[in-house]
Amino acid sequence: MNEQERPKFWEQLRITFSRGLVVIVPVVITVWVLNGLFNAIDGIISPLFDRALGQHIPGLGFISMILLIFIVGALSPNLIARTIFRAFERVISSIPLARTIYTAMRDVVDAFQPGKRGKSFREVVLLEYPSPGLTAIGFVTNKLHIASPN
């Protein structure tokens, strides 16, 4: 292997790794969030169902999670539900680390909702970054127009 082939190998390895990362990270985050949501709902609901029904029924926690998501989706346009969600956001906004994570996740979710323009992400761009020949996807969050001095 000569000197010119070596950088190509490492560059190709880095590009392949980056592509894999771009595919895996959203999948892992989605699975992690849904698993956490399921565990939280199942941990609260299952004991109630177990007592009420007198036995444990596998899958009832999952069905409860799906139903809760639909109920929240149906109530979200409602004035009372919006008031509750705003109160929740105020509580989250008072916690520094939670505020950062929640705001970022909300902006990402809003950006990808069909028919809705996110407040933070205006458009998707492809940039040559971090070095020539490599590209990265970016989101335009604001535009700055600099007037040239005359």
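This report walks through the fold, surface and a few residues of a predicted model.

## Ground rules

Since we're looking at a prediction, local features need pLDDT of at least 70 and side-chain atom pairs count only at pLDDT 80 or more, while totals for chains, interfaces and linings use all residues. Numbering starts from 1 along each chain as its sequence is written, and side-chain values use heavy atoms, with hydrogens and water left out.

## Overall layout

The protein has four helices and two strands. Both kinds of element are DSSP runs numbered from the N terminus: H or I over at least four residues for helices, E over at least two for strands. Read from the N terminus, the order is α-α-α-α-β-β.

Of the 150 residues in the protein, 10% are buried. Here buried stands for under 20% relative accessible area, exposed for over 50%, and partly exposed for what falls in between (1.4 Å probe, protein chains only). As for contacts (heavy atoms within 4.5 Å), 16% of those with a separation of 6 or more are between residues 24 or more positions apart.

## The hairpin

Strand 1 (residues 123-128) and strand 2 (residues 135-140) pair in the antiparallel sense over six bridges; DSSP has to find at least two bridges for two strands to pair. Across the pairing, Leu126 stands opposite Ile137 in strand 2. The two strands form a hairpin with six residues between them, and Gly133 in the turn has a positive phi of about 95°.

Leu134 also features in a pairing of positions far along the chain: its C-alpha atom is separated by 9.2 Å from that of Glu11, 123 residues apart in sequence. Glu11 itself is found in helix 1 and counts as partly exposed, at 35% relative accessibility.

## Surface and nonpolar patch

The accessible surface of the protein comes to about 12700 Å², and 69% of that belongs to carbon and sulfur atoms. Areas like this come from the Shrake-Rupley method with a 1.4 Å probe; for residues, only the protein chains shown count as cover.

Ten names make up a nonpolar surface patch of about 910 Å²: Leu34, Leu37, Phe62, Ile63, Ile66, Leu67, Ile69, Phe70, Ile71 and Leu75. Patch residues need over 30% relative accessible area and no salt bridge; like charges are joined within 9 Å, and nonpolar side chains (Val, Leu, Ile, Met, Phe, Trp, Tyr) within 5 Å. A salt bridge, in turn, is a side-chain nitrogen of Lys or Arg within 4 Å of a carboxyl oxygen of Asp or Glu. Helix 1 (5-53) and helix 2 (60-75) are the elements that give two or more residues to the patch, and helix 2 gives the most, with eight. One of the patch residues, Ile71, is found in helix 2 and is partly exposed at 46%.

## Aromatic pairs

Rings of Phe, Tyr and Trp (its six-membered ring) pair if their centres lie within 6.5 Å; planes under 30 degrees apart are stacked, over 60 edge-to-face, and the rest tilted. By this rule there are two aromatic pairs. Phe9 and Trp10 meet edge-to-face, 5.2 Å centre to centre with 75° between the planes. Phe9 is partly exposed at 41%.

Phe88 and Tyr102 are also edge-to-face, at 5.8 Å and 85°. This pair links distant parts of the chain, with Phe88 in helix 3 (residues 79-93) and Tyr102 in helix 4 (residues 96-111), 14 residues apart. Phe88 is partly exposed at 41%, and Tyr102 is partly exposed at 26%.

## A buried serine

Ser46 lies in helix 1 and is buried, with a relative accessible area of 9%. Leaving aside residues up to four places away in sequence, Ser46 touches Ile41 and His56.
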